[in-house]
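Trainee: I am new to this structure and would like a close look at a single part of it. Could you take me through the largest nonpolar core and what surrounds it?

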Amino acid sequence: MESYGTIYFSNENSELELVNLAKGIAEGDFGLGIESEETTNGISVIEVIGGSRTEDGVKSILTALNDKKVQVVKAYIIGDEGPWCRLYSIDDSNLSSVECSDGIYEYLSECEEEEIEDIPELKIALEKKPRGYFEPKFNTWALGLESADTNAIKGVMEAIIESSEDLVQ
């Protein structure tokens, strides 16, 4: 399965050193292909493609940029099977990720009511419904990327929401 990663980081002065650091880790350390790179409105965006090592490569790039004291460091990974993504961010040197897929609603559509009561995240997903469940996760992740083009991941998130809504109808 191919995976695609997109890394966003603040780069007010369009420093080539930061871009080259990220590309060097992607290509040299993890064998990922660089699909594109661009710096616009103070945000650099690097898109990579790879296989099973994409996630490790993206996390390594985020950590390296964070070590350079880059203020905004975020990324996402998508695959070529079904709508899903994993959103990554670093705050105070803590790397966090949030997985978004219709899997939670697929599970909800098949599970017993007792299971929902036992697993708080299932209860939250059921109560908030897909849009109310996923949009806040995306909006929190997207903070700091207001000047960046995030249309591709917004499209993936919309596909996840629509697929999830189909499952709960």
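Mentor: Happily! The largest nonpolar core holds 28 residues, and those touching the most other members are Tyr8, Cys85, Phe134, Trp141, Ile153 and Met157. A nonpolar core here is a set of buried Ala, Val, Leu, Ile, Met, Phe, Trp, Tyr and Cys residues joined through side-chain atoms within 4.5 Å. Buried means under 20% relative accessible area, exposed over 50%, and partly exposed in between, with a 1.4 Å probe and protein chains only. Please keep in mind that this is a predicted model, where local features need pLDDT of at least 70 and side-chain atom pairs count only at pLDDT 80 or more, while totals for chains, interfaces and linings use all residues. Residues are numbered from 1 along each chain as its sequence is written, and side-chain values use heavy atoms, with hydrogens and water left out.

Which elements build this core? Two or more residues each come from strand E3 (43-50), E4, E5, helix H3 (103-110), helix H5 (120-142) and H6. H5 gives the most, with 7 residues. These labels are DSSP runs numbered from the N terminus: helices are H or I of at least four residues, and strands are E of at least two.

Let us stop at Trp141. Leaving aside neighbours within four places in sequence, Trp141 is in contact (heavy atoms within 4.5 Å) with Tyr8, Lys74, Ala75, Tyr76, Leu87, Tyr88, Ser89 and Ile153. There is also a second, separate core of 23 residues, which includes Ile25, Leu62, Leu65 and Ile90.

Now for the sheet. It is open, with 6 strands in the order E2-E3-E1-E4-E5-E6 and antiparallel pairing; two strands pair if DSSP finds at least two bridges between them. Its edges are strand E2 (33-40) and strand E6 (94-101), each pairing on one side only. From one strand to the next, the twist averages 15°. Strand E4 (residues 73-79) and strand E5 (residues 84-91) are antiparallel and share 5 bridges, and Ile77 stands opposite Arg86 in E5.

Helix H6 (residues 151-168) lies across E4, E5 and E6 and runs at about 125° to E5. Axes are lines fitted to C-alpha atoms, for helices over the stretch in contact, and angles run from 0 to 180 degrees between N-to-C directions. H6 also packs with H3 at an angle of about 0°, their axes 9 Å apart. The two helices are therefore roughly parallel to each other; angles under 35 degrees count as roughly parallel, over 145 as roughly antiparallel, 65 to 115 as roughly perpendicular and the rest as oblique. Where they meet, Tyr105, Glu106 and Ser109 in H3 face Ser164, Leu167 and Val168 in H6.

Asp102 sits in the loop between E6 and H3. Asp102 is buried, at a relative accessible area of 17%. Neighbours within four places aside, Asp102 is in contact with Pro83, Ile160, Ser163, Ser164 and Leu167.

Finally, back to Cys85, one of the core residues named at the start. Cys85 is buried, with a relative accessible area of 0%. A search of the whole structure finds 0 disulfides, a disulfide being a pair of cysteine sulfur atoms within 2.5 Å. For Cys85, the nearest cysteine sulfur is that of Cys100, 4.4 Å away.
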